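Ready for a little practice with a structure viewer? Take a look at the sequence and the fold, then try each exercise before reading its solution.

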Amino acid sequence: MDNLSLLKSPNQINKDIALRIKKRRKEKNLTQAQLSKRSDVSLGSIKRFETTGEVSLTSLIKIAFALGLEADFDSLFSKKGYSSIQEVINDRP
C-alpha cells in the first residue's frame with residue numbers, strides 16, 4: 001500500500017472535522033441554534049457544515065472560538081516538514 005492510498009480526500013477531512021465539531025457542540029449541550037448565536041454564523045451554515053462538512057474558513061474559526069477550540073488553530077500547519085534524517089539532526093537544539 002503506498003502513501004497516497006492512506007491519505008483522506010479533502011471531502012472526508014471536511015466531514016471528519018464537522019463530526020468532531022458536532023461532538024464538541026453536543027458535549028457542551030448546545031443546540032445548533034445556540035451555536036449559531038454564539039458564533040455569529042448563520043443557522044443554515046451550521047446545519048450545512050454538520051451535514052456536508054462545507055463551511056467557510058472564517059465561519060469555521062468563529063465556530064471554534066464559540067466552542068473554546070481556538071487554540072487548535074495555533075498548531076495547524078506548524079510542524080516543520082523534514083526531507084531527510086540529516087535535516088532532523090541539524091535542527092536539534
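The exercises below deal with salt bridges and then with the nonpolar core.

Before you start, note that this is a predicted model, in which local features need pLDDT of at least 70 and side-chain atom pairs count only at pLDDT 80 or more, while totals for chains, interfaces and linings use all residues. Residues are numbered from 1 along each chain as its sequence is written, and side-chain values use heavy atoms, with hydrogens and water left out.

**Exercise 1.** Find the salt-bridge partner of K8 and decide how accessible each side of the pair is.

*Solution.* Start with the criterion: a salt bridge is a side-chain nitrogen of Lys or Arg within 4 Å of a carboxyl oxygen of Asp or Glu. The structure holds four of them. For K8 the partner is D16, with 2.5 Å between the closest N and O atoms. Next, sort by relative accessible area: buried is under 20%, exposed is over 50%, and partly exposed lies in between (1.4 Å probe, protein chains only). K8 is exposed at 51%, whereas D16 is buried at 16%.

**Exercise 2.** Work out how the salt bridge between E27 and R24 is placed in its helix.

*Solution.* First, the distance: N to O, the two side chains meet at 3.2 Å. Second, the helix: helices (H or I, at least four residues) and strands (E, at least two) are DSSP runs, numbered from the N terminus. Both residues belong to α2 (residues 10-27), and because they are three residues apart there, about one helical turn separates them. Third, accessibility: E27 is exposed at 56%, and R24 is partly exposed at 30%.

**Exercise 3.** Which parts of the chain does the pair D40 and K62 tie together?

*Solution.* The closest N and O atoms of D40 and K62 are 4.0 Å apart. D40 sits in the loop between α3 (32-39) and α4 (43-52), and K62 in helix α5 (residues 57-66), so their salt bridge links parts 22 residues apart in sequence. D40 is exposed at 63%; K62 is partly exposed at 33%.

**Exercise 4.** Which helix gives the most to the largest nonpolar core?

*Solution.* Such a core is a set of buried Ala, Val, Leu, Ile, Met, Phe, Trp, Tyr and Cys residues joined through side-chain atoms within 4.5 Å. The largest one has 13 residues, and those touching the most other members include I21, F49 and L69. Helices α2, α4 and α5 each supply at least two residues, and α5 gives the most, with four.
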